[in-house]
Amino acid sequence: MTTLLDGYREHIVATHKQPLFLLLVGFTTSFVFIRFSVRMIRAQVRWWPGNVTPGGLHIHHMVFGLGFLLAGGIGVFATYGGHPWIDVFGLLFGIGCGLVLDEFALILHLDDVYWSEQGRKSVDAVIFGILFTGLLLVGYVPLGAEPTGETRWGLVTVISVNALAMVVTLLKGKVWTGLLGIMVPGLSWVGAVRLARPSSPWARWRYAASPRLRARALRRERLLHRRADQARTWLFDLIAGAPDKVPAHHPAAHRVAEQMAARATAHLDAHAARALARRSARLADRRSAAGTAEHPSGSRRSAGAGAPGDGGPTARAGRHGRSQQRRRAVRAGRSRTYAVGPAGQVTRPGRHRWLRTRTRRMSR
């Protein structure tokens with residue numbers, strides 16, 4: 001214990017890293033606590049308090065995290081970063097980071113995806129934040145090197161090459177290798193020279209003209225990265241709990257797809273309805289023109305007699321008026337027009353045989 005305290009004073013207190021250390025402690029502690037809490041709530045344990053729902057409104061813990069972040073950030077500026085307040089506000093800021101980043105996926109998707117596959121992004125963000133803070137606690141430059149007059153340009157060269165290798169590694173789809181390579185140069189260099197993942201931007205740019213490299217990348221993805229992803233999934237399930245296994249026919253599994261399909265269907269239905277209305281108007285015009293040509297006004301029949309089954313000039317005038325009304329409806333963007341019969345009943349035009357039965361009628 002004495003050796004541990006001496007090491008803490010030498011490497012943390014003496015180097016003025018105690019606020020950063022307390023931030024890391026608050027970060028880790030709040031994440032572990034809130035994950036334990038939500039897993040107890042998910043298991044419906046009776047002795048655990050449960051969600052905070054005043055008035056039926058579920059308050060997510062990122063709301064409390066924002067409060068801790070504001071208190072820690074504003075407090076440091078208000079006290080000019082003096083001791084011991086900077087240590088206290090560093091701890092509060094770390095607690096806020098853990099609570100907010102635990103629901104990072106909800107902020108990203110603007111939806112409650114905490115227990116879904118998309119919710120794994122929160123675990124990624126928290127683990128990366130903890131590792132990055134821990135690396136900053138070890139040293140401000142890669143491997144804790146101290147820039148001096150003799151090694152300054154060498155250190156600048158190492159950091160520049162490491163940054164270039166990190167960018168190449170990220171483009172190859174190796175996110176964790178590239179992010180951890182920020183502080184550990186050799187890790188990003190290894191990721192930069194190895195094959196890219198098949199779904200990465202580097203593979204789309206460089207492997208499109210080289211089937212052999214693409215085949216090697218696919219083979220490595222199946223053999224190596226699949227096992228690494230399985231191990232990562234097992235570890236994340238152990239830390240944060242397994243996501244909900246939503247069946248394929250569940251509505252929540254296709255929420256986004258249903259919304260996109262509904263928009264596309266509405267557009268297609270509106271287009272089909274307008275085409276049907278134009279087709280019906282043209283057909284009515286042809287029938288009206290054919291009736292007028294067959295029974296001209298100057299024929300031998302009297303003006304009031306009309307043809308058998310024709311209804312006379314009054315009926316022809318009514319049909320002509322309805323055809324004009326349909327044309328006006330099409331020009332106005334309406335799908336179809338209903339006419340009122342002699343008895344006051346609304347008569348609807350017949351459904352076209354080419355129109356699908358599931359086509360939605362547009363509002364009048």
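This section describes the fold, salt bridges, nonpolar groupings and aromatic pairs of a predicted model.

The protein chain contains 13 helices and two strands. Of its 364 residues, 29% count as buried. The exposed area of the chain is about 24200 Å². Carbon and sulfur atoms supply 63% of that area. Contacts between residues at least 6 apart in sequence were also examined. Of these, 58% join residues at least 24 apart.

Four salt bridges are found in the whole structure. One of them joins Asp6 to Arg9, with an N to O distance of 3.3 Å. Both residues belong to helix H1, which covers residues 2-13. They are three residues apart, about one turn of the helix. Asp6 has a relative accessible area of 41%, so this residue is partly exposed. Arg9 is partly exposed as well, at 46%.

A second bridge pairs Asp237 with Arg120, and here the closest N and O atoms are 2.0 Å apart. Asp237 is in helix H11 (residues 211-240) and Arg120 is in helix H6 (residues 120-138), so the bridge ties together parts that lie 117 residues apart in sequence. The two partners fall into separate accessibility classes. Asp237 has a relative accessible area of 23% and is partly exposed. Arg120 has 11% and is buried, because the cut-off for burial is under 20%. The surroundings of Arg120 extend beyond its bridge partner. With residues up to four places away in sequence not counted, Arg120 touches Thr233, Phe236, Asp237, Gly241, Ala242 and Pro243.

A further salt bridge involves helix H11. The side chains of Glu221 and Arg197 meet at 2.7 Å, N to O. Glu221 sits in helix H11, while Arg197 sits in the loop between helix H9 (185-193) and helix H10 (201-206), so this bridge links parts 24 residues apart in sequence. Glu221 and Arg197 are both buried.

Nonpolar residues were considered next. In soluble globular proteins, nonpolar side chains tend to be buried together. The largest nonpolar core in the model has six residues: Phe27, Phe31, Leu69, Cys97, Val100 and Val126. Helix H2 and helix H4 (85-101) each supply at least two residues of this core. Within the core, Cys97 touches Phe27 and Leu69, leaving out residues up to four places away in sequence. Another core, of five residues, lies apart from this one. Its members include Ala196, Ala203, Tyr207 and Ala217.

Nonpolar side chains also appear on the surface. Val52, Val63, Phe64 and Phe68 form a nonpolar patch there. Together they have about 320 Å² of accessible area. Val52 is located in the loop between helix H2 (18-42) and helix H3 (61-78). Its relative accessibility is 39%, so Val52 counts as partly exposed. Patch membership requires over 30%, and Val52 therefore passes that cut-off.

Aromatic contacts complete the description. A pair of aromatic rings is described by the distance of the centres and the angle of the planes. The count comes to seven aromatic pairs. Trp85 and Phe89 form one that is stacked, at 6.1 Å centre to centre. Their planes meet at 25 degrees, and planes under 30 degrees apart count as stacked. The two residues are four apart in helix H4, so about one helical turn separates them. Trp85 is partly exposed, with a relative accessible area of 47%. Phe89, in contrast, is buried at 14%.

The rings of Phe128 and Phe132 also pair. Their centres are 5.8 Å apart and their planes are at 25 degrees, so this pair is stacked. Phe128 and Phe132 both lie in helix H6, four residues apart, or about one turn of the helix. Phe128 counts as partly exposed at 26% relative accessibility. Phe132 is partly exposed too, with a relative accessible area of 30%. Elsewhere, Phe33, Phe36, Trp47 and Trp48 form one aromatic cluster.

How values were computed
Residues numbered from 1 in each chain as written. Predicted model: local features only at pLDDT ≥ 70, side-chain atom pairs only at ≥ 80, totals over all residues. Heavy atoms only, no water. Buried < 20%, exposed > 50% of the residue type's maximum accessible area, 1.4 Å probe, protein only. Contact = heavy atoms within 4.5 Å. Areas by Shrake-Rupley, 256 points an atom, 1.4 Å probe, with all protein chains shown as cover. Patch = residues over 30% accessible without salt bridge, like charges linked within 9 Å, V, L, I, M, F, W, Y side chains within 5 Å. Core = buried A, V, L, I, M, F, W, Y, C linked by side-chain atoms within 4.5 Å. Phe/Tyr/Trp six-rings, centres within 6.5 Å; stacked < 30°, edge-to-face > 60°.
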